[in-house]
Amino acid sequence: MSSHQNSAAAEKPPILWLNLSVFAITFLVAAIGVPWYGFTHGFSTGLIVGLIATIGFAGISITAGYHRLWAHRTYDAHWSLRILFALGGALAVQNSALHWSSDHREHHKHVDDNDKDPYSAKRGFWYSHIGWMLREYQASRYTNYDNVKDIQKDPIVMWQHRNYLTLTLLTTFGWPVALGLMLGDVWGAIILVGFARLVINHHTTFFINSLAHIWGKQTYTDRNTARDNGVLAFLTFGEGYHNYHHIFSADYRNGIRWWQFDPTKWLIRACSWVGLTRNLKRTNGYQVEKARLEMQFKKATAKAEVSCETTMAKLHDEFDVMVAKLREYYQVRKQLLDIKTKALVDSVHVPTLAELQAKADAMREVFVAHKREFHQLLQRTIQGNMQGTQSV
Ligand SMILES: [Zn+2]
Ligand SMILES: [Zn+2]
């Protein structure tokens, strides 16, 4: 046991009874109330639709609002959208956007540091999932919001922060009661859309701090515990591509491939078409591809335990050539995109367009050929290395 664990076990901070009560009561009411009410009264289709819509609204207010808008400033949003996110965030009962963003910026800055990361995954599943909110762990760490000075300029953030408790009570009780009155089943709505919905919203978001740091692939970096996981992306409105997110946190996307499930990204993009969101930030494709190739290289050589220095030097040289070709391809691609935008804005025909397109296609082929050659070389080295190891 480490000295840190020893001291933590010796003097655990006091329990936060309010947090513990909220989590325990909502969980118990949902776990007992839903099956009991379902068997004795049944839930109408309207209530089930209400449940799904409310999970979606509160969940996406956290992912698109709290997380990608306020904590990371990956895009700008119209005030109407910000008000919706502020209300949805209160409905999700995860503290104010200001407090949430402050914690989250600490998480990114000190990821996996057991003393500084508020929900360090290295302290285990339970701690990173919910344990960090059950005791007064934060009391000694910080008492101000210095790391979120920028979003303090947003009057909607400050309005929500000042009125957080009122907004939370109004939305979490007011909405299920209003829905119940509309559908003629107030108790059914309170149990399903009030309690069960909150438990689902809580734990799906908490999975991002716990499971998304434990289960999945390290596609782009192994410098922290964050993982990419398609199953978690499905449960967390696209936040499961957490390995990508930790290395490129200024990007409004988490799932960058078209087939990756990231409804938060789709919403932010769709809103940009009607002017509700602006300045969507994306990471340069070259940086993304380079990080991915570096990880593949690292994993392959670590698995085969390539110990020969000459072989490693050769592999590194070939890797550098491949990355140089990748950079050339992305440079031409950027020129092409710039000129395409110019042609669109000026409504004039740009004669160099076709020429550049052909050049970009050729550069891509060169890169792909180098990539193929590099992978073959890597494969041959690994096989040779393994045979060598086996014969020893
Ligand atoms: Zn983040
Ligand atoms: Zn994380």
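# Exercises on a predicted helical model

Just after helix 4, Val93 has a positive phi of about 50°. This is a predicted model: local features need pLDDT of at least 70, side-chain atom pairs count only at pLDDT 80 or more, and totals for chains, interfaces and linings use all residues. Residues are numbered from 1 along each chain as its sequence is written, and chains are lettered from A and ligands numbered from 1 in the order in which they are written.

## Exercise 1: helix 4

Task: Compare the span of helix 4 with the span expected at 1.5 Å a residue, then list its buried residues.

Solution.
- Step 1. Fix the term: helices (H or I, at least four residues) and strands (E, at least two) are DSSP runs, numbered from the N terminus.
- Step 2. Get the rule: the expected span is 1.5 Å times one less than the number of residues.
- Step 3. Apply it. Helix 4 has 13 residues, so it should span 18 Å; its end C-alpha atoms are 18 Å apart, which agrees.
- Step 4. Define burial. A residue is buried with 20 or more other C-beta atoms within 10 Å of its own, exposed with 12 or fewer, and partly exposed in between; C-beta atoms are placed from the backbone.
- Step 5. List the buried residues of helix 4: Leu81, Arg82, Phe85, Ala86, Leu87, Gly88, Gly89, Ala90 and Leu91.

## Exercise 2: helix 2

Task: Find where helix 2 kinks, and by about how much.

Solution.
- Step 1. Check the length. Helix 2 (residues 17–40) has 24 residues and reaches 33 Å from first C-alpha to last, close to the 34 Å expected.
- Step 2. Define the bend: the angle between axes fitted to the seven residues ending at a residue and the seven starting there.
- Step 3. Locate it. The kink, about 30°, lies at Gly33, shortly before the proline Pro35.
- Step 4. Look past the end. Gly42 follows helix 2 with a positive phi, near 85°.

## Exercise 3: the nonpolar cores

Task: Identify which residues touch the most other members of the largest nonpolar core, and which helix supplies its largest share.

Solution.
- Step 1. Define the core: a set of buried Ala, Val, Leu, Ile, Met, Phe, Trp, Tyr and Cys residues joined through C-beta atoms within 7 Å.
- Step 2. Read the hubs. The largest core has 41 residues, and Trp70, Ala97 and Leu192 touch the most other members.
- Step 3. Assign helices. Those supplying at least two residues each include helix 3 (45–71), helix 5 (97–109) and helix 9 (186–209). Helix 3 gives the largest share, ten residues.
- Step 4. Follow one hub. Contact means C-beta atoms, placed from the backbone, within 7 Å. Leaving aside neighbours within four places in sequence, Ala97 contacts Gly65, Tyr66, Trp70, Ala86, Gly89, Val157 and Gln160.
- Step 5. Note the other core. It lies apart, with 15 residues, among them Leu235, Tyr241, Phe248 and Phe261.

## Exercise 4: two positive phi angles

Task: Decide whether Asp112 and Phe237 are buried, partly exposed or exposed.

Solution.
- Step 1. Recall the background: most residues other than glycine have a negative phi.
- Step 2. Take Asp112. Its phi is positive, about 70°. Asp112 sits in the loop between helix 5 and helix 6 (125–129). Asp112 counts as partly exposed because it has 18 C-beta neighbours inside 10 Å.
- Step 3. Take Phe237. Its phi is positive, about 60°. Phe237 sits in the loop between helix 10 (230–235) and helix 11 (242–247). Phe237 counts as buried because it has 27 C-beta neighbours inside 10 Å.

## Exercise 5: Ala250 and Lys325

Task: Classify Ala250 and Lys325 by burial, and give their contacts beyond four places in sequence.

Solution.
- Step 1. Ala250 lies in the loop between helix 11 and helix 12. With 11 C-beta neighbours inside 10 Å, Ala250 counts as exposed.
- Step 2. Ala250 contacts His72, Thr74 and Lys281. The C-alpha atoms of Ala250 and Lys281 are 6.7 Å apart, though 31 residues separate them along the chain.
- Step 3. Lys325 belongs to helix 14 (residues 309–346). Lys325 is buried, with 20 other C-beta atoms within 10 Å.
- Step 4. Lys325 touches Val366, Phe367 and His370.

How values were computed:
Two residues are in contact if their C-beta atoms, placed from the backbone, lie within 7 Å.
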